[in-house]
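Work through the following exercises with the predicted model open beside the text. Each task is followed by a solution in steps.

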Amino acid sequence: MENPEQVPSRRSFLKTLGLAGTAAAAVPSSLANAGTAPMYLNLVKSHSSTAANDKVRIGLIGTGGMGIGDTETALMVEGTEVIAACDLYDGRLRRAKELWGDGLFTTKDYRQVLERSDVDVIINGTTDHWHEKISTDAMRKGKHVYCEKPMVQKVEDGHTLIKVQKETGKVFQVGSQFASSIIIAKAKELLKAGDIGELVFAEAQYDRHSAMGAWQYSIPPDASPQTVDWDTYLGTAKKREWDPKRFFRWRNYQDYGTGVAGDLYVHLLTTLHTITGSKGPNRVYASGGLRFWKDGRDVPDIHLAIFDYPQTPEHPEFNLTTRSNFVDGGGGGYLVRLVGTEGDLSVGWDSLTVRHHKLPKAPGMSIGNFPKDQQEAYLKEYKKMYPERPEMEGPREMIYKVPKDYKGDRYEHFVNFFDSVRNQKPVVEDATFGLRACGPTQCGNISLFKKQIVNWDPNTMKIMNAV
């Protein structure tokens with residue numbers, strides 16, 4: 001059901017970006033010690049071979065761009081195979097067989113995939129408004145689930161998935177692969193070690209400047225009510241006449257997607273929460289609008305938000321600003337930056353830059369407007385309070401880079417997922433983590449459309465004033 005995202009920056013985003021794991025990711029704390037820049041981060045771990053009889057068999061539901069990308073990445077992990085695929089467009093089912101063989105079982109009814117006893121895990125690559133229903137049904141049928149982000153379209157659906165995950169005991173992992181990267185693992189390590197002092201501010205941006213980046217996905221020439229199961233696709237959404245744009249460019253519509261916030265800010269919050277250990281913000285305010293892509297969509301192409309994070313045992317009070325601009329004449333850009341009292345951490349596509357800049361112990365003087373006798377008196381006391389002492393200085397900037405043979409965070413995310421499936425280990429990004437990443441983004445959408453501050457309880461994971 002999901003569409004291709006073929007803009008080059010998106011491809012590199014899916015392929016190479018590394019964004020950190022929790023303890024379950026088994027990332028060693030000794031990644032690249034500080035030294036001369038650049039340093040190269042070690043691989044997350046050495047992945048042991050898997051016995052042939054330990055194969056994990058995949059059923060893909062939603063064979064659009066994300067579904068195909070996820071499955072191709074999953075198949076890179078030893079001991080996996082795809083045996084079934086489901087989509088509501090005939091052409092995608094033909095494409096699935098072109099990719100994975102004529103023997104692949106294909107259907108337009110996802111329930112047929114869930115009924116198969118030879119399917120172990122489901123990759124849920126459908127539109128946002130189908131995430132909860134299909135994931136719930138899959139776990140209740142005994143399947144483990146890898147669900148694309150955002151985990152859910154609506155907060156209440158997130159609580160359903162948390163409940164079902166606990167009741168069934170099935171492995172459920174959200175597909176914001178940033179949670180499994182060595183880059184963010186290193187950022188987490190450095191922040192915890194006090195490398196940039198105390199966190200006071202964070203900023204994130206994800207700008208684009210292309211039609212594909214703005215979700216103007218290609219529509220196949222044979223798209224019609226005869227090749228697409230339109231009624232099933234609508235599901236719980238408002239009933240409408242056939243509209244190929246709403247099927248193939250679904251991210252542009254509130255009925256099926258979650259806009260910029262759900263598509264991109266979920267990744268940014270996943271990154272931040274992984275680095276800081278945060279449960280989330282308690283206040284959200286957003287603004288923006290539709291500036292350029294006036295193609296019938298009902299979501300903005302510029303989205304700005306402020307997230308207030310309260311003090312917790314995990315971190316001090318700080319603020320986060322986010323920005324996404326789909327008509328960035330500067331060419332687009334990506335940034336995740338954490339600012340502390342003694343430096344900052346900046347996450348790039350394949351690197352991490354750390355800058356150190358401590359406040360001097362001596363505050364400096366502004367005594368030029370004092371009379372001479374007062375200047376002399378002040379200077380005498382100042383030198384007593386702040387005597388000059390030579391101190392060693394470390395490097396002002398450190399750059400950490402991933403090694404050339406690093407397969408990327410998306411690959412590592414699937415390695416972690418299949419490890420949990422095989423060995424019942426805790427997942428890197430479970431339903432609770434997933435809701436704490438996407439719940440605040442729903443608050444941002446509410447804030448933007450209602451023009452009001454929205455409060456979020458990061459502990460109970462509930463919106464407090466969305467009437």
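**Exercise 1.** Determine the strand order of the open sheet and identify its edge strands.

*Solution.* The open sheet has 11 strands in the order 1-15-14-13-12-8-11-10-9-16-17, and the pairing is mixed. Its edges are strand 1 (39–40) and strand 17 (462–463), each of which pairs on one side only. At the first of these edges, strand 1 runs parallel to strand 15 (residues 397–401), with two bridges between them, and M39 stands opposite Y400 in strand 15.

**Exercise 2.** Find which strands helix 10 and helix 13 touch as they pack on the sheet.

*Solution.* Helix 10 (residues 259–276) touches strands 8, 10, 11 and 12, and its direction makes about 30 degrees with that of strand 10. Helix 13 (residues 431–450) touches strands 9, 10, 16 and 17, with about 55 degrees between its direction and that of strand 9.

**Exercise 3.** Classify two of the 21 aromatic pairs by the angle between their planes.

*Solution.* For Y146 and F417, the centres lie 5.5 Å apart and the planes make 70 degrees, an edge-to-face pair. Because Y146 belongs to strand 6 and F417 to helix 12, this pair ties together parts that are 271 residues apart in sequence. Both Y146 and F417 are buried. For Y382 and Y386, the centre-to-centre distance is 5.0 Å and the angle 55 degrees, so the pair falls between the limits of 30 and 60 degrees and counts as tilted. Y382 counts as buried at 12% relative accessibility, whereas Y386, at 28%, is partly exposed.

Definitions and conventions:
Residues are numbered from 1 along each chain as its sequence is written. This is a predicted model: local features need pLDDT of at least 70, side-chain atom pairs count only at pLDDT 80 or more; totals for chains, interfaces and linings use all residues. Side-chain values use heavy atoms; hydrogens and water are left out. Two strands pair if DSSP finds at least two bridges between them. Helices (H or I, at least four residues) and strands (E, at least two) are DSSP runs, numbered from the N terminus. Contact means heavy atoms within 4.5 Å. Axes are lines fitted to C-alpha atoms, for helices over the stretch in contact, and angles run from 0 to 180 degrees between N-to-C directions. Rings of Phe, Tyr and Trp (its six-membered ring) pair if their centres lie within 6.5 Å; planes under 30 degrees apart count as stacked, over 60 as edge-to-face and the rest as tilted. Buried means under 20% relative accessible area, exposed over 50%, partly exposed in between (1.4 Å probe, protein chains only).
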